[in-house]
Amino acid sequence: MATTSWVLDPTHSEVQFKVKHLVISTVTGSFKQFEGTATTEGDSFENAQVRFSAKIDSIDTNQAQRDEHLKSADFFDAATHPELTFVSTSFVKESEGEYKLTGDLTLHGVTKPVTFDVEYGGQAGDFYGNQKAGFDVTGKINRKDFGLTWSGVTEAGSIVVSEDVKLSASVQFVKQTEQAAV
């Protein structure tokens, strides 16, 4: 069967994280610079090989002072660890339109296996004749598993930043090439 290459379309994609702040509200951030690829057999994404990376320096939480703190050695240490990367080890269909994506996430110099829930939105052609595939990806990690251990406690004893971080991405891939099996 032919293999197909797909490239992430950053103009029609977004990558976000959410973390509880003071246990009472959620702060949302995003990565503004990222890229990804997928290699599939034909047009089926089952067993796809997925690669993704995001530039830590592109973090945006809509508050410059917080962004700089997140990029500092207290958190992501962008100077030493400039990228978050993900390389899949499996992409398994659970039911119609629902997949589990498992792979190795590298963040802050630490690599751990993670599993994401994936909702496949289907495929469609755009105005320019490009074939696109859409996905919503969600998951959760514990930031301390990746060496992001900064913590603070208010005078009243509230934790400033939760350990659990929700990750989500709404992404479109653009079909690039098909190569016949050799």
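Two strands count as paired here if DSSP finds at least two bridges between them. Keep that in mind as you click around this predicted model.

**Stop 1: the S5–S7 pair.** Select residues 83-95, which make up strand S7, and add S5 to your selection. The two run antiparallel and are joined by five bridges. Now pick out Lys 55: standing opposite it in S7 is Glu 83.

**Stop 2: the S4–S5 hairpin.** Keep S5 (residues 44-55) lit up and add S4, residues 34-41. These strands are antiparallel too, with seven bridges between them. Which residue in S5 is the bridge partner of Glu 35? Click on Ser 53 and you've found it. Next, head for the turn: S4 and S5 form a hairpin, and two residues sit between them. One to select there is Gly 42, which has a positive phi of about 65°.

**Stop 3: a loop residue.** Slide along to Ile 56, in the loop between S5 and strand S6 (59-60). Is Ile 56 buried or exposed? Its relative accessible area is 1%, so Ile 56 is buried; the cut-off for that word is under 20%. Now select Phe 31 as well: it lies 25 residues from Ile 56 along the chain, yet their C-alpha atoms are separated by 7.2 Å.

**Stop 4: out to the surface.** Switch on the surface and select Glu 14, Glu 94, Glu 98, Glu 119 and Asp 136, which gather in a patch of negative charge. Zoom in on Glu 98, which belongs to strand S8 (residues 98-107). With a relative accessible area of 34%, Glu 98 is partly exposed, because that label covers values between 20% and 50%.

Methods:
Residues are numbered from 1 along each chain as its sequence is written. This is a predicted model: local features need pLDDT of at least 70, side-chain atom pairs count only at pLDDT 80 or more; totals for chains, interfaces and linings use all residues. Side-chain values use heavy atoms; hydrogens and water are left out. Helices (H or I, at least four residues) and strands (E, at least two) are DSSP runs, numbered from the N terminus. Patches are made of residues with over 30% relative accessible area and no salt bridge: like charges are joined within 9 Å, nonpolar side chains (Val, Leu, Ile, Met, Phe, Trp, Tyr) within 5 Å. Accessible areas come from the Shrake-Rupley method with a 1.4 Å probe; for residues, only the protein chains shown count as cover. A salt bridge is a side-chain nitrogen of Lys or Arg within 4 Å of a carboxyl oxygen of Asp or Glu. Lys and Arg count as positive and Asp and Glu as negative; His and the chain ends are not counted. The place of a charge is taken as NZ of Lys, CZ of Arg, CG of Asp or CD of Glu. Buried means under 20% relative accessible area, exposed over 50%, partly exposed in between (1.4 Å probe, protein chains only).
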